[in-house]
Amino acid sequence: PKSPREWKRPESQVLSSVVGGAESALVGDAAQTPLRADGGVQTIEFSFEAGKSPQGITFVFKDTSNSAWYKPDSGNFCVPVSEAGRAAMDSAGGKDHGEPSSGMVRTLSGTIIPPLEGADVAKQVFEAEKQGHVTLMHRYQAALRVLEQTPPGEAGINAITMVFIWLRFSQIRQLSWQRNYNTKPRELSAASENLNKAIAWRWKNAGSEEKELFRLMLGCIGRGGSGGDGQAIRDEILHIMHRHHLPETKGNFIEEWHQKLHNNSTPDDIAICMAFLAFLASNGNMAEFDRVLAENGLNRERLKTYERPITTAPCFYGDKKDGLINDFNNYLRILKNVHAGADLEKCVEVCRGFLDGHVNLLLESILRERSAHGDRVLAVIDSITEVRQLIGLKMSKEGDIVKLRDMLYLDIGLEAQMRLMAERSLGQLDRLNMESLTRSLALWISLTIENLIYSSSPGVGVLQGHPDSVSDEFKACLRDWAGLVEEAHKGYGPGFAVKAMAVVERMRRALASVVDKISTGMQKKAEYLGYGLCAVTPEKIPEKWSITLFSEELIRGGGCSFVLSTLLRKLDRALRAQGGGTRWQVISAGKPSGVVGELVEVRDLLSVQDVSYDKPTVLLASSVSGEEEVPPGVVGVITPDAPDVLAHISVRARNLKVFFATCFDSDEFESLSKFAGRRVTCSRSGDSVSVREAQTGEGEEAKEAQSAASQAPVKIELPPPAKFSNWCLPEKSIDPDRRPKIFGAKSTNIVKVRKQLPEWVQTPRSAVVPFGVFEKVLEAAENKAVATEYTALAKEAAALAKGTGEPHEVLRRLRETVLKLQAPKAMVDELRTALLDSGIIKQGELQGKEWDEAWHALKGVWASKWNDRAFYSCKKVAKHTTCSTDWRCSVVCLSFDIR
């Protein structure tokens, strides 16, 4: 090839030079060759005769699990093989620079993030943001183009998410609002309107998950307009200056601001106008000017950074004060019309003409009482909730896109007002007595949950089902909660606190699922897009904090989720004080005298599954799922989570005499972090738990015993995997005494129990898919491709078990691969026959959809063996024991009962 990085079809001598005999598939001018796992690293090795090697090898990587391609920014990787090849590369200047144009993104610390779903959209974003001139107008126009190319439904969800993250970075000033370009306000206004109308149209025709994203997206941009208000931004500031004879000379605040507005008006101008109004109202108090700027994320240093900088402090004109306040209040409305889509006053003004009279009356009362305090706050929030319900119903039927957009902005503005009033009032609740506090919190939580429902499912009543929406669980909570609120009004009966705690716990889980959804759906994409933008923008933004805390800031800064979380914490404490439960639950008391160990804080128990502690350790784990193992060396676990007493971790803790307790009081749990790095003693103390610093010499015997135990050799003999015998056995063929065993204890125990019980005691009938069937299915001709993929991934997992690295992605891909298996016809026939013989199904059943569901469930059991707990358990076996069989054998064999 002319260039070291061009493609040329490899000759046969190159393909035959691959060490290990890996077969290559020729595709066009390229050969696809599988890599070989070697000690945790995948490799490919070539061996050439002297003088017969090519100049170099050009290549890229492909992930066969998702067909993702990995390559550098220059297009392809290239390794020189001969001196001539090295010289050719040098002359071509072939070094890669790490920009994200290839799909690979590098974090600030150098970690490479491979392409994610939605990377094609991210590439368009990188291209738009690295231009020499960028303004909000250009950004909105580019976002509109991306949305117009994005398909509806699930196929476009990743692209929509990327666009939202992009606009969110822009909204929080983590992307430049002006770079080397002057935008006329009317042009920005038109770009804003075109984009928000497109978003509203997509919202109208979207599913529930997309609706939430489009609603969030709409909150990131202004209302805009066809030009009237946009042009008025330029014109009206001049009219004000002329009416009041303000100097139009350099070195004057109003003139410098006028030049900035003429050059490029942005949402910052709203804050500047509000700050200037506060300055005028306070008779020229600069502290008020600075305060309002700070409340809106600005300061005077920021004003100096504009392309038309504002460097002069405002001047107070005492004789013009009232007139200026009147004119700039009007000017503020113009600025908000263009830049602040969800400003509540503007939203009410715009929507008043087409909303019902009752809704308009409620809106007027909300505006009048926005500053309410005490008991009136709940009344205002009740009105907000009612209005949101009514406009939600209207939005679901509205065909006019402009009206729909305006109602969406109104809904966002009402939600923001509700949150503002709630956060302002939360501190007052602490002054109430316990009974009044519980009653108030019960009402607050009802309204907050209802508002959460209207955010995710506008137009759907709280009693209506909406299976595609995350709000369904909140609706169920609200229905249960309504009965408890009514009971609280009549007086607290026996057991109220216990019943309320059950619903509170359900609410907490529902809220956690919403938070997890945002985190898993957005954080990785935010990091990919954020670090990619940081690489291409001249300003080197977004800043790191805005990338790493993207989802957390989104959760804490938007909607009612954070309000509900705070309310639940307060109510939890109040209910426990009234007998709804203790602050602690001891799942395993450990040793009678308690346990002694060094306190170590961890994010979650899963993150330390492969860690072995060389001295007694008490873990303070912020999250425990229940499926983890107790890491070696751990003598105690304290967590705010409450896994079931029969969860795996709970059973293991009791068996190992490990102290395991849940602390329901968040403040008390957080206070335990003061012991981090110190030796503590943990023990049960009545209904509570005592955690104190250990005295000198306390627990030394346990420390010495653990040290001796950790050095003792362990030998585990695992039996070889059972060979294939049958696809499926009916119950009559299940022999509990059969050797070697080809099925598990559940099947044999059911048979034993049935024989011992009288006939009137009914037990479930069973058939069994024996050990070895999974391997037989994998060998079937129709599963050849799946088997190849599975084997490669299993080897990769085995290498990780012997080395280092995160296994989660490999295990996930293994589970997904197992679910791709097709059932051999012989298996389907024999399984149906066995179920018929056992009396589990009737003739003609287990067909069509029923079979698909049963087959998926069986594959799900096979896939579930590749879980984190099994991986880390086997890794410990490989690390700490002498094992007589291959690592994979302990997880490959399983039984499955169909009842």
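**Sheet, helix pair and cores**

Within strand 19, Ser688 is the bridge partner of Ser685. This pair offers a handy way into the model, which is a predicted one. Strand 18 and strand 19 run antiparallel to one another and are joined over six bridges. Helix 24 (residues 648–655) packs on the sheet, where it touches strand 13 and strand 17 (659–663). The direction of helix 24 makes about 55° with that of strand 13.

The sheet itself is open and has seven strands, and a walk across it follows the order 13-17-16-15-14-18-19, with mixed pairing. Strand 13 (584–589) and strand 19 (688–693) form the edges; each has a single partner strand, so one side of each is left without a neighbour in the sheet. On average, and with direction ignored, neighbouring strands of this sheet are turned by 30° against each other.

Strand 14 (residues 595–602) shows how the mixed pairing comes about in practice. With strand 18 (residues 679–685), strand 14 pairs in the antiparallel sense over four bridges. With strand 15 (residues 617–621), strand 14 pairs in the parallel sense over five bridges. Glu598 takes part in both pairings: Arg679 in strand 18 stands opposite Glu598, and in strand 15 the bridge partner of Glu598 is Thr617.

Turning to the helices, two packed helices are described by the angle between their axes and the distance between the axes. For helix 4 (residues 136–149) and helix 5 (residues 157–171), the axes come within 11 Å and cross at roughly 170°. Helix 4 is therefore roughly antiparallel to helix 5. On the helix 4 side, the contact involves Leu136, Arg139, Tyr140, Ala142, Ala143, Val146 and Leu147, which meet Val163, Trp166, Leu167 and Ser170 of helix 5. Sorted by class, the residues in this contact are nine nonpolar, one polar and one charged.

A further view comes from the nonpolar cores. The largest nonpolar core has 117 residues, and of these Leu410 and Trp481 touch the most other members. Helix 20 (residues 496–536) supplies the largest share of this core, with 17 residues. Leaving aside residues up to four places away in sequence, Leu410 touches Leu344, Cys347, Val348, Cys351, Leu355, Leu363 and Ile391. A second core, separate from this one, has 37 residues, including Leu280, Leu293, Leu298 and Ala340.

Definitions and conventions:
Residues numbered from 1 in each chain as written. Predicted model: local features only at pLDDT ≥ 70, side-chain atom pairs only at ≥ 80, totals over all residues. Heavy atoms only, no water. Axes fitted to C-alpha atoms, helices over the stretch in contact; angles between N-to-C directions. Helix = DSSP H or I, 4+ residues; strand = E, 2+ residues; numbered from the N terminus. Parallel < 35°, antiparallel > 145°, perpendicular 65-115°, else oblique. Contact = heavy atoms within 4.5 Å. Nonpolar A, V, L, I, M, F, W, Y, C, P; charged D, E, K, R; others polar. Core = buried A, V, L, I, M, F, W, Y, C linked by side-chain atoms within 4.5 Å. Buried < 20%, exposed > 50% of the residue type's maximum accessible area, 1.4 Å probe, protein only. Pairing = 2+ DSSP bridges.
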